[in-house]
2 protein chains.
Amino acid sequence: MRTYLECIPCFFRQALTAARLAGADEEDQKRILDEVAGVLPTFSLNATPPEMGRIIYRIVMKITGKDDPYRDIKAESTRKALALYPQLKEILSQSDDRLRTAVSFAIAGNSIDYGARDALDIEKELVSILDAENGASADTVFDYSRFRDAFHRAETILYLGDNVGETVFDRLLIEEMLQEPGKRITYVVRERPIINDALIDDARQCGIDDLVEIISSGSDAPGTLLPICSPEFLERFNNADMIVSKGQGNFETLSEERQPIFFLFMAKCQVIARDIGCRNGDMVLCDNTLRGNAVSGRGG
Amino acid sequence: MRTYLECIPCFFRQALTAARLAGADEEDQKRILDEVAGVLPTFSLNATPPEMGRIIYRIVMKITGKDDPYRDIKAESTRKALALYPQLKEILSQSDDRLRTAVSFAIAGNSIDYGARDALDIEKELVSILDAENGASADTVFDYSRFRDAFHRAETILYLGDNVGETVFDRLLIEEMLQEPGKRITYVVRERPIINDALIDDARQCGIDDLVEIISSGSDAPGTLLPICSPEFLERFNNADMIVSKGQGNFETLSEERQPIFFLFMAKCQVIARDIGCRNGDMVLCDNTLRGNAVSGRGG
């Protein structure tokens with residue numbers, strides 16, 4: 001997805017949030033915003049928003065001198081999400097359609113995002129998770145049947161993670177996916193710290209390494225920015241039967257690609273809601289045919 | 001009021017809104033945002049937000065080549081507000097406290113502001129005007145009794161206008177003020193086009209020139225920026241018994257002054273709500289003692 005002009009005020013809002021979460025004082029917060037302003041004239045609207053996210057985060061790291069400003073926040077997210085895990089597992093056990101419920105959980109887990117929201121209370125999010133359990137209304141973009149069919153056909157599945165904490169919800173979905181035999185799933189994380197996005201250690205702390213292989217995409221943008229991804233990742237990306245892409249950043253960087261990608265995320269701004277054709281705050285499950293790109297339906 | 005860091009994303013949002021209302025195409029909208037970004041590092045947080053508003057508007061004028069991009073919108077605002085005038089006058093005629101009702105109208109009229117809001121439907125605002133008629137709740141900042149007492153004492157009153165359209169609501173309040181004999185009221189407008197702020201002709205089109213003298217402040221900022229105001233205005237400003245200041249921009253530029261100023265406006269953002277101690281969207285009536293500045297209570 002290209003950058004829209006409405007994204008520009010939001011870049012500054014995100015930079016301010018990032019600066020504060022990184023503990024910058026007011027003077028440094030202003031310096032960070034000034035540096036973002038300095039980059040703006042060179043930033044093309046043809047670039048995706050996560051490319052600016054990457055630049056903003058680098059500026060925050062440089063000025064605060066912290067290589068992982070969200071470390072404590074991420075640890076807290078994992079702790080809180082893991083505490084929810086038994087409850088969620090119990091709800092799943094009572095579901096008539098466990099895969100669908102796990103998909104809803106995985107999307108609801110995407111609400112845990114320090115990049116797009118200023119505040120977090122994971123416990124409160126449980127309410128929306130349980131609501132989501134009842135399925136989406138007719139006017140939302142939630143194409144579960146296409147997802148299910150593609151999943152049943154697929155052998156190799158690339159699962160692109162997003163935020164720390166959300167990883168616990170991903171684990172639930174992966175556990176459900178593994179109930180069906182013959183699936184080879186790889187969980188993908190970012191290469192280096194970027195906002196609160198998951199790294200290999202974060203995925204391990206959620207127990208995903210007990211289930212499937214974890215690799216890095218090579219990208220240190222808050223999305224899967226293919227030009228900076230590793231050859232190892234790209235080889236898997238180009239050959240997977242199905243790609244499960246979590247979060248708005250992965251959507252923004254991959255929405256124009258032609259691989260069989262399913263996007264699972266919470267729409268967190270008006271720009272993306274308009275781009276998708278949903279409402280801000282909706283749980284979205286769509287594949288890239290929505291955008292006129294072919295889903296090949298390879299495999300199994 | 002100083003500029004807060006939260007104002008910075010809002011500057012870009014305002015610049016985008018201004019660029020679009022001025023008819024800039026997408027390329028020019030981006031150029032306008034890039035130029036605002038270029039100014040940001042030189043902009044001190046000790047400056048007031050309208051100082052940046054003035055810079056933004058100059059950039060919009062330069063890039064669009066239009067000296068008054070909001071001309072049509074302003075004409076439409078006047079037309080719509082004048083159409084409401086008979087209804088409002090009728091409501092006033094049935095009020096037990098006409099001055100108070102007129103004050104509420106004058107504040108509600110401040111909701112007509114293209115600078116802080118993207119959309120407008122003056123007719124819909126009538127609902128909030130009528131609600132306002134019932135007075136503000138205990139937890140809002142609405143100190144009518146101080147306003148009334150200061151008004152009864154004052155002989156010379158300087159009334160600082162804000163937006164076009166709102167001027168019609170100002171006329172209603174001025175008409176009520178003139179019911180009390182011995183008041184010498186001057187209505188003040190901006191010197192040159194700035195967003196949708198009222199100029200001398202706008203005030204005339206609302207019939208204010210039939211009631212009181214109209215002068216320009218000399219300021220072409222979306223507020224009363226004293227360092228650029230005319231000596232004629234400053235002389236009146238320094239000697240008025242009471243100053244009635246309409247709108248957020250006038251508040252932001254005058255909140256630290258020591259003249260006997262009463263601020264009447266709708267709080268249109270979280271920053272100002274926090275600064276004032278009210279909620280976003282509240283109707284505010286306060287004087288500058290709220291901020292620790294003395295109101296001398298000169299005159300009558």
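Two residues are taken to be in contact if their C-beta atoms, placed from the backbone, lie within 7 Å; with that in mind, and remembering that this is a predicted model, begin in chain B.

Select helix H10 of chain B, residues 231–239, and show the strands beneath the selection: H10 lies across S1, S2, S3 and strand S4 (242–246) of chain B, and runs at about 120° to S1(B).

Widen the selection to the sheet itself, which in chain B is an open sheet of six strands in the order S3-S2-S1-S4-S5-S6, with mixed pairing. At its edges stand strand S3 (213–216) and strand S6 (283–287) of chain B, and because each has a single partner strand, one side of each is left without a neighbour in the sheet. From one strand to the next, the twist averages 20°.

Within this sheet, pick out strand S1 (residues 156–160) and strand S2 (residues 184–189) of chain B, which run parallel and are joined by five bridges. To place one of the pairings, label B:Tyr159, whose bridge partner in S2(B) is B:Tyr187.

Next, display both chains and select the contact between them, to which chain B and chain A contribute 17 residues each. On the side of chain B that touches chain A, helix H1 (7–21) and helix H2 (26–39) of chain B each supply at least two residues, and H2(B) gives the most, with seven residues. Coloured by class, the residues of this side of chain B divide into ten nonpolar, two polar and five charged.

Now move to chain A, which is divided into domain 1 (7–64) and domain 2 (71–291). Where these two domains of chain A meet, the contact takes 13 residues from domain 1 and 16 residues from domain 2. On the domain 1 side of that contact, the elements giving two or more residues are helix H1 (7–21) and helix H3 (49–64) of chain A, and by class this side has seven nonpolar, four polar and two charged residues.

Finish at strand S6 of chain A, residues 283–287, where five of the five residues are buried, so the strand is largely enclosed by the rest of the structure. In a regular strand the side chains alternate between the two faces of the sheet. With side chains shown, A:Met283, A:Leu285 and A:Asp287 point one way from S6(A), whereas A:Val284 and A:Cys286 point the other way, and all are buried. Add strand S5 (residues 261–266) of chain A, which runs antiparallel to S6(A) and is joined to it by five bridges; here A:Phe262 stands opposite A:Asp287 in S6(A).

Notes. Residues are numbered from 1 along each chain as its sequence is written. Chains are lettered from A and ligands numbered from 1 in the order in which they are written. This is a predicted model: local features need pLDDT of at least 70, side-chain atom pairs count only at pLDDT 80 or more; totals for chains, interfaces and linings use all residues. Two strands pair if DSSP finds at least two bridges between them. Helices (H or I, at least four residues) and strands (E, at least two) are DSSP runs, numbered from the N terminus. Axes are lines fitted to C-alpha atoms, for helices over the stretch in contact, and angles run from 0 to 180 degrees between N-to-C directions. Ala, Val, Leu, Ile, Met, Phe, Trp, Tyr, Cys and Pro count as nonpolar, Asp, Glu, Lys and Arg as charged, and the others, Gly among them, as polar. Domain bounds come from an automatic or database domain assignment. A residue is buried if 20 or more other C-beta atoms lie within 10 Å of its own, exposed if 12 or fewer, and partly exposed in between; C-beta atoms are placed from the backbone.
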